[in-house]
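Here are my notes on this model, set out point by point for someone who has not looked at it before. They follow one strand and its partners, then turn to the nonpolar cores and the enclosed space.

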Amino acid sequence: MARTPLTFTLNDAETGVFVVPGSNLLDVLRRGAGDLTPKQGCAQGTCGSCTVLIDGVPHLSCLTLAETVEGRRIDTTGGLAGGPDLHPLQQAVMEGFAAQCGFCTAGMLMAAKALLDRTPNPTRDEVIEAISGNLCRCTGYEPIVDAILTASARMQGRTA
Ligand code: FES
Ligand code: FES
């Protein structure tokens, strides 16, 4: 099948790929752009493990038509750290044992990043709401919520 060109910004990098029309963004990121950080869980829009940010807004990349991101910005956990140091969210998740199998973690981190970008000091309920579309079968969610609140506090110069 003929492929069409697609360009977008992926974690600060101008990215160009050729895609089969109708491809979903998750496949294009993983197979076309080589970013394996978004995970495929259900591939049906249920689990949230494939969550990426499109122009700062969380989207399920398994349900997003790749053609719709032409010229837009995609953020994944592949670009979260932005250097040798972990992002505060990653650091807090690691310290708080908020990842067990880790399969949900990339999606959780992106949902949390979107929250902290728009609401730097969220309430616990706001954190719970922000990750409500992201399923975790391992942790019981409490360590994840605690880690997001810890990261928020550190990013604001507060102690958690
Ligand atoms: S893989 Fe996209 S929601 Fe589960
Ligand atoms: S840590 Fe295993 S699904 Fe969340």
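1. The model is a predicted one. A good place to begin is the pairing of strand 3 with strand 5 (residues 73-75), which is antiparallel and runs over two bridges. In this pairing, L53 has D75 of strand 5 as its bridge partner.

2. Strand 3 also pairs with strand 4 (residues 57-60), again in the antiparallel sense, here over four bridges. L53 takes part on this side too, with P58 as its bridge partner in strand 4. Two residues lie between the strands of this hairpin, and D55 has a positive phi near 50° there.

3. Which way do the residues of strand 3 (residues 51-54) point? T51 and L53 point one way, whereas V52 and I54 point the other way. In a regular strand, side chains alternate between the two faces of the sheet. All four of these residues, T51, V52, L53 and I54, are buried.

4. The largest nonpolar core has 24 residues, and those that touch the most other members are L89, M108, L116, I131, I144 and I148. Two or more residues each come from helix 2 (88-95), helix 3 (105-118), helix 4 (124-130) and helix 5 (142-155). Helix 3 contributes the most to this core, namely eight residues. In soluble globular proteins, nonpolar side chains tend to be buried together.

5. What does M108 contact, leaving aside its neighbours within four places in sequence? The residues in contact with M108 are I131, N134, L135, C136, Y141 and I144. Of these, I131 and I144 are also listed with M108 among the core residues that touch the most other members.

6. Apart from the largest core there is another, made up of 13 residues. F8, L10, L25 and A66 are among them.

7. How many cavities of 30 Å³ or more does a search of the whole structure find? The search finds one. The space in the largest cavity is about 70 Å³. Its lining consists of L89, V93, A98, C104, T105, M108, L109, A112, I144 and I148. Helix 2, helix 3 and helix 5 each give two or more residues to that lining, and helix 3 has the largest share, with four.

8. As to character, the lining of the largest cavity has nine nonpolar residues, one polar and no charged. L89, M108, I144 and I148 line the cavity and also appear among the residues that touch the most other members of the largest core.

Technical notes. Residues numbered from 1 in each chain as written. Chains lettered and ligands numbered in written order. Predicted model: local features only at pLDDT ≥ 70, side-chain atom pairs only at ≥ 80, totals over all residues. Heavy atoms only, no water. Core = buried A, V, L, I, M, F, W, Y, C linked by side-chain atoms within 4.5 Å. Buried < 20%, exposed > 50% of the residue type's maximum accessible area, 1.4 Å probe, protein only. Contact = heavy atoms within 4.5 Å. 1 Å grid on protein atoms, 1.4 Å probe; cavity = no way out; pocket = protein on both sides within 12 Å on 5 of 7 lines; lining within 4 Å. Points joined across faces, edges and corners; volume = space filled by probe spheres on them. Nonpolar A, V, L, I, M, F, W, Y, C, P; charged D, E, K, R; others polar. Pairing = 2+ DSSP bridges.
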